[in-house]
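Please open the structure in your viewer and keep the selection tool at hand. The stops below give, in turn, what to select and what is to be found there.

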Amino acid sequence: MIERRKFLIASAMGAAAMLPQGVLGARTYAATAHPPAGCQDPAGTPNTPPLEKFVDPLPRPMTAIPDRSVYPGADYYEITMRQGSWRFHRDLGPSPVWGYWATNPHDPHKPIGMGYLGPTISTTHDHPTVVKWRNELPTTHMFQFVIDKIRSGDPQLAPIAPPPYKSKPPFPSNINVWNVVHQHGGYTAPQSDGMPLQSFSPDGFHAESYSTLDPSRVKPNEAIYAYTNHDRSCMLWYHDHGMGMTSLNVYAGLAGLYLIRDPADERLGLPRGEFEVPLILQDRTFHRDGSLAYTMTQREGEDTPVVNGKAYPFLAVEPRRYRLRILNASNERFWRLRFDVPRDVLPEPQLPFWLIGTDSGFRTPLQMLEFLISPAERYDLIVDFSRMPMGTNVTLTNYPGTQVHFPGIPGCGPEIAEIMQFQVTKPLSGDGDNTTRPKKLKLPVVAPIKPKPHTRRREWVVYQHKLFSTMTFNAVPFMEPSQDFIKAGSTEIWEYINPNHDAHPMHVHLVDFQVLNRQPIDAARYQSDYDKWVYGDRKPKDRPLLANYLTGPPIPPTPDEAGSRKDTVKANAEMVTRIIIQEFTPPTETIASIPGSGAELPATYIHHCHILEHEDDDLMRPWTIVGHGDHDDGDHAGGHGH
């Protein structure tokens with residue numbers, strides 16, 4: 001399958017056509033999605049009704065309040081997954097949604113949350129956090145029709161194992177809802193990582209690898225996890241990772257921000273408080289009554305932009321610098337973002353901005369006009385509205401024509417242009433803008449990781465054994481035991497070999513990394529030869545040798561990737577994408593005096609595509625950190641040494 005839930009019908013997609021901006025003050029509507037020429041939605045595909053743009057103010061997720069009395073030396077939270085109601089737009093009715101609610105230690109009758117998404121968890125570098133995650137969701141899924149299709153073995157949706165492996169159902173026959181929470185990007189022991197097979201249901205059913213700390217304090221529908229917060233100052237996020245249904249659970253609303261701050265940041269002169277704005281970008285489709293419609297069994301991508309839970313919101317801003325912390329929390333959509341201004345305001349139609357950080361923290365400031373952000377990536381920006389005359393509208397725009405899985409083949413999915421608007425309508429407050437100009441910011445420089453001649457290389461082939469079917473890494477299903485054993489403390493280069501026609505955002509749990517380069521490959525010939533190897537005897541010595549398929553020189557990382565620490569990378573179409581991971585070392589120390597909270601070797605983690613539909617459909621594999629002398633995978637199917 002080139003994309004799961006893609007090409008179900010050759011032309012089963014749609015496009016969102018936007019009505020042009022009228023004269024100043026005119027109302028602007030998003031038109032009902034219309035497929036471009038040559039494409040057609042399957043009969044009955046829902047499309048969002050026309051919505052007036054920029055009439056709903058941007059919500060800001062509330063911040064959870066820690067209880068510091070439960071585990072000395074740690075912040076403690078109790079966070080519950082519940083179904084609730086949320087209105088995504090003024091002109092839409094309320095929709096059933098799923099969300100996270102944090103207990104308020106000062107008032108247990110006023111939990112903290114919106115109903116959709118979750119409250120922000122704000123922490124301090126090296127100060128641990130302990131969370132009790134509680135599952136009170138319904139036992140029937142909001143998108144039960146998809147669960148039923150997967151359970152029935154629908155070949156477009158259910159994981160189909162390549163030979164010689166046998167397919168296994170992703171969830172039990174009596175389970176329609178189960179969940180687990182992953183702290184995305186965190187330096188976390190495996191028992192608190194929130195991997196799919198650690199799922200647990202609202203009625204207390206546990207997947208095979210379910211684990212909890214402090215078991216005497218939990219009920220069957222709960223789990224306690226501990227987080228080190230050893231990460232650098234950065235914006236992580238937390239989201240559902242339920243086995244086989246992550247895509248549906250996140251689509252229903254199960255995601256939230258996780259900030260790690262460092263007291264040293266206060267000396268940098270960055271915008272703070274109301275001038276630091278989180279933006280959680282998603283795309284959603286709505287029925288006429290306002291309820292969520294999941295259409296990715298019929299087409300790729302959804303038709304309406306949603307930011308912090310609102311469709312086409314606006315934010316009233318002052319003429320000053322703002323720090324925008326952007327998360328792409330979409331299931332599938334890549335966004336190519338820019339800030340459009342009226343043509344009579346600036347010499348160019350885009351407002352320049354500064355990139356000051358990515359997934360895993362700060363980097364050297366870089367001035368940009370646009371950037372591409374794939375699912376799960378985070379971008380930390382400084383945007384200066386001080387040159388904008390009062391009354392100016394600055395529109396966050398998805399570069400016109402950017403398909404859902406950009407870069408790759410031209411897509412027919414809904415094309416979203418305008419996302420939200422920044423309206424320069426508030427007078428400058430206080431003593432004005434005293435923040436540091438971006439070009440003068442003294443941010444940590446990310447030293448490049450230098451590969452050595454004998455640095456271990458490990459290959460991960462995005463393999464699809466049958467068109468329109470499941471994708472796997474190295475033609476091995478996720479459920480098979482780990483075959484990749486990595487020495488603790490070692491450095492490795494991982495090579496994502498992607499003969500597909502579309503890009504995939506690859507996320508590695510536990511570690512951060514740097515992008516080394518990309519290199520074009522003869523994708524058709526590689527795919528053909530890899531097929532022969534898979535359907536043959538799979539002898540390691542006969543596996544296609546990557547060097548024989550390279551068709552051009554290595555391409556350096558993009559300017560926004562270079563000099564950045566990442567936990568998610570775009571594995572571009574018909575290329576090998578190389579990342580370097582400096583040190584595979586899990587956190588072994590005890591956290592908040594909780595027995596068993598540190599990692600023990602061997603320690604198994606996972607990596608996967610962060611197109612959530614691909615992750616659910618098996619583009620995901622475990623890997624294991626071992627002590628020196630414990631195991632050597634040699635030239636196993638999961639990789640090879642150079």
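**First stop: the second largest cavity**

Begin by selecting M235, R325, G357, T358 and D380, which lie nearest the centre of the second largest cavity, a space lined by 13 residues. Please bear in mind that the model is predicted. The volume of this second largest cavity is about 70 Å³. Next, colour the strands β10 (234-240), β17 (321-328), β19 (353-358), β20 (361-368) and β22 (378-384); each of them supplies at least two residues of the lining. By character, the lining of the second largest cavity consists of five nonpolar, four polar and four charged residues.

How are such spaces found? Rolling a probe the size of a water molecule over the atoms shows where empty space is left.

**Second stop: D359**

Now select D359, in the loop between β19 and β20. Is D359 buried or exposed? D359 has a relative accessible area of 0% and is therefore buried, since the term applies under 20%. Show its side chain and look towards K566: the two side chains make a polar contact of 3.2 Å. The side chain of D359 also reaches the backbone nitrogen of T568, at 3.1 Å. Beyond its neighbours within four places in sequence, D359 is in contact with several residues, including C234, M235, E377, R378 and R565.

**Third stop: the largest cavity**

A search of the whole structure finds four cavities of 30 Å³ or more. The largest of them has a volume of about 90 Å³. To display its lining, select P159, I160, A161, K166, S167, K168, P170, M243, P477, M479, E480 and D618. Seven of these lining residues are nonpolar, one is polar and four are charged.

**Fourth stop: the annotated domain**

Select residues 486-623, which the unreviewed UniProt entry annotates as "domain: Plastocyanin-like". Over this range the chain is 13% helix and 31% strand. Select the C-alpha atoms at the two ends of the range as well; they are 8 Å apart.

**Fifth stop: Q183 and S201**

Q183 is found in strand β8 (residues 181-184). With a relative accessible area of 3%, Q183 is buried. Its side chain makes a polar contact of 3.5 Å with the side chain of Y258. Residues touched by Q183, apart from those up to four places away in sequence, include T188, D193, Y227 and W237. For a sense of scale, draw a line from Q183 to T425: the C-alpha atoms are 37 Å apart, and 242 residues separate the two in sequence.

Continue to S201, in the loop between β8 and β9 (222-227). S201 is also buried, at 1% relative accessibility. Which residue shares a side-chain polar contact with S201? The partner is D203, at 2.4 Å. Setting aside residues up to four places away in sequence, S201 touches N135, I175, V177, W178 and N221.

**Sixth stop: L254**

Select L254, in the loop between α2 (246-252) and β11 (255-261). The relative accessibility of L254 is 0%, so this residue counts as buried. Among the residues in contact with L254, beyond four places in sequence, are M81, W98, Y100, L137 and H239. Add G115 to the selection: it is 139 residues from L254 along the chain, yet their C-alpha atoms are separated by 9.7 Å.

**Last stop: unusual backbone geometry**

Most residues other than glycine have a negative phi, and most peptide bonds are trans. Four places in this model are worth viewing with that in mind.

- Select P163 and P164: the peptide bond between them is cis, with omega near 5°. P164 is in the loop between α1 (144-151) and β8.
- Select L601 and P602: the bond from L601 to P602 is cis, with omega near 0°. P602 belongs to the loop between β32 (575-581) and β33 (603-609).
- Select F54: although it is not a glycine, F54 has a positive phi of about 60°. F54 is in the loop between β2 (51-52) and β3 (56-57), and counts as buried at 10% relative accessibility.
- Select N474: this residue, not a glycine either, has a positive phi of about 55°. N474 lies in the loop between β26 (471-473) and β27 (485-487), and is buried at 3% relative accessibility.

Note on methods
Residues are numbered from 1 along each chain as its sequence is written. This is a predicted model: local features need pLDDT of at least 70, side-chain atom pairs count only at pLDDT 80 or more; totals for chains, interfaces and linings use all residues. Side-chain values use heavy atoms; hydrogens and water are left out. UniProt positions are given in the numbering used here, feature names are shortened, and annotations may be inferred rather than shown by experiment. Helices (H or I, at least four residues) and strands (E, at least two) are DSSP runs, numbered from the N terminus. On a 1 Å grid over the protein atoms alone, a cavity is a set of points where a 1.4 Å probe fits but cannot get out, and a pocket is an open set with protein on both sides within 12 Å along at least five of seven lines; lining residues have an atom within 4 Å of a point. Grid points are joined across faces, edges and corners, and a volume is the space filled by probe spheres set on the points. Ala, Val, Leu, Ile, Met, Phe, Trp, Tyr, Cys and Pro count as nonpolar, Asp, Glu, Lys and Arg as charged, and the others, Gly among them, as polar. Buried means under 20% relative accessible area, exposed over 50%, partly exposed in between (1.4 Å probe, protein chains only). Contact means heavy atoms within 4.5 Å. A polar contact is a pair of N or O atoms within 3.5 Å; within protein, one must be able to donate a hydrogen and the other to accept it, and residues adjacent in sequence count only if both atoms are side-chain atoms.
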